[in-house]
Amino acid sequence: RQTEWIAKNRDTLRILFVAHEGDITNNNTPQQWKVARTAMQRLFDAGVPYALVVGNHDLGTQGKTDSRETLLNVYFSEKDYRNSEAFGQFEPGKLENSWHRFTTPTGQFLLLALEFGPRDEVIDWANQIIKENPGCSVILVTHAYLNGRGKRTRDLPDKKQAGNPKNYPYASKESVNDGEDLWQKLISKHPNIILVLSGHFTGNGGKAHRTDLGAGGQPVHQIFANYQDSGKEKGTVKPPRGFGGGGYLKLLRFWGNKVEVKSYSPWYDHWLNEPGHELVLDLSPARQ
């Protein structure tokens, strides 16, 4: 229903790009990837450009994140990104890390889609891509970055670091960077990064937002959204919406130096109006 609704409203709402925050599947199985393939095909057929990032459930044996192996590249390929004006990947034939350029009435945008707990070499690549596109406003999308308390991973108040990518089995095999690493090594270093989008965590009704200043004195808005719902009271959306979370998505509407953020479910035709689900964010650089 989400992708059908986006395709139907592409022209009316001037939808220029769609970003998936990861956990495309729950267990990294062929059956689940086939479902994702069918859903995302609706965007492709409508000419809507999109980017995918893998979540922890998309990796390893039955989605246990014991390796970076994923079936993503069996069911999706570079051809699925042909609706982007321009795009590229960190590794040929693999979609785990990609960049996309698209044009808006206010200028060029670059969207960077990065894997779960990006490797050191991926961060180096991302830094280079941003340097090569100084005239673009940059949006970064990754699965795990900000939690429901508005804290970047590694900056959590508890010692268990629940949900930190560094605490998953694959971290013993190669480099893994968490939210604070991404801020220090990548996001804070560039004057044209304006937004960071992520999911993964639960709590606080599935929403959080924080703003820090980037290298150019610009506000960098970091937005967490995860509507997942177990069907019981422990779900992130209260009361439980059913169907895994009620099919909510975030709509970002840019106008002037503002971006309006709203949460909507095409399944229920319902807007979440609670504080934190609706935001109006200022993109103007901080005054010196």
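Student: How many bridges join strand β6 to strand β7?
Tutor: In this predicted model, strand β6 covers residues 137-142 and strand β7 covers residues 193-198, and the two run parallel. Within this pairing, Ile139 has Leu195 in β7 as its bridge partner. The number of bridges that join β6 to β7 is four.

Student: Which strands stand at the edges of the open sheet of seven strands?
Tutor: The sheet has mixed pairing and follows the order β3-β4-β5-β6-β7-β9-β8. A strand at the edge has a single partner strand, so one side of it is left without a neighbour in the sheet. The strands in that position are β3 (86-89) and β8 (207-213).

Student: Is β11 largely enclosed or largely open, and how many of its eight residues are buried?
Tutor: Buried means under 20% relative accessible area. β11 pairs in the antiparallel sense with β10 over seven bridges, with β13 over four bridges and with β12 over three bridges. β11 is largely enclosed by the rest of the structure, because the number of its eight residues that are buried is six.

Student: Which residue takes a positive phi near 55° in the hairpin of β11 and β12?
Tutor: In this hairpin, Tyr264 has Trp271 in β12 as its bridge partner, and four residues lie between the strands. The residue with the positive phi near 55° is Asp269.

Student: Does Trp267 count as buried, partly exposed or exposed?
Tutor: Trp267 has its place in the loop between β11 and β12, and together with Phe243 and Tyr268 it forms a nonpolar patch on the surface. Because its relative accessibility is 40%, Trp267 counts as partly exposed.

Methods: Residues are numbered from 1 along each chain as its sequence is written. This is a predicted model: local features need pLDDT of at least 70, side-chain atom pairs count only at pLDDT 80 or more; totals for chains, interfaces and linings use all residues. Side-chain values use heavy atoms; hydrogens and water are left out. Two strands pair if DSSP finds at least two bridges between them. Patches are made of residues with over 30% relative accessible area and no salt bridge: like charges are joined within 9 Å, nonpolar side chains (Val, Leu, Ile, Met, Phe, Trp, Tyr) within 5 Å. Accessible areas come from the Shrake-Rupley method with a 1.4 Å probe; for residues, only the protein chains shown count as cover. A salt bridge is a side-chain nitrogen of Lys or Arg within 4 Å of a carboxyl oxygen of Asp or Glu. Buried means under 20% relative accessible area, exposed over 50%, partly exposed in between (1.4 Å probe, protein chains only).
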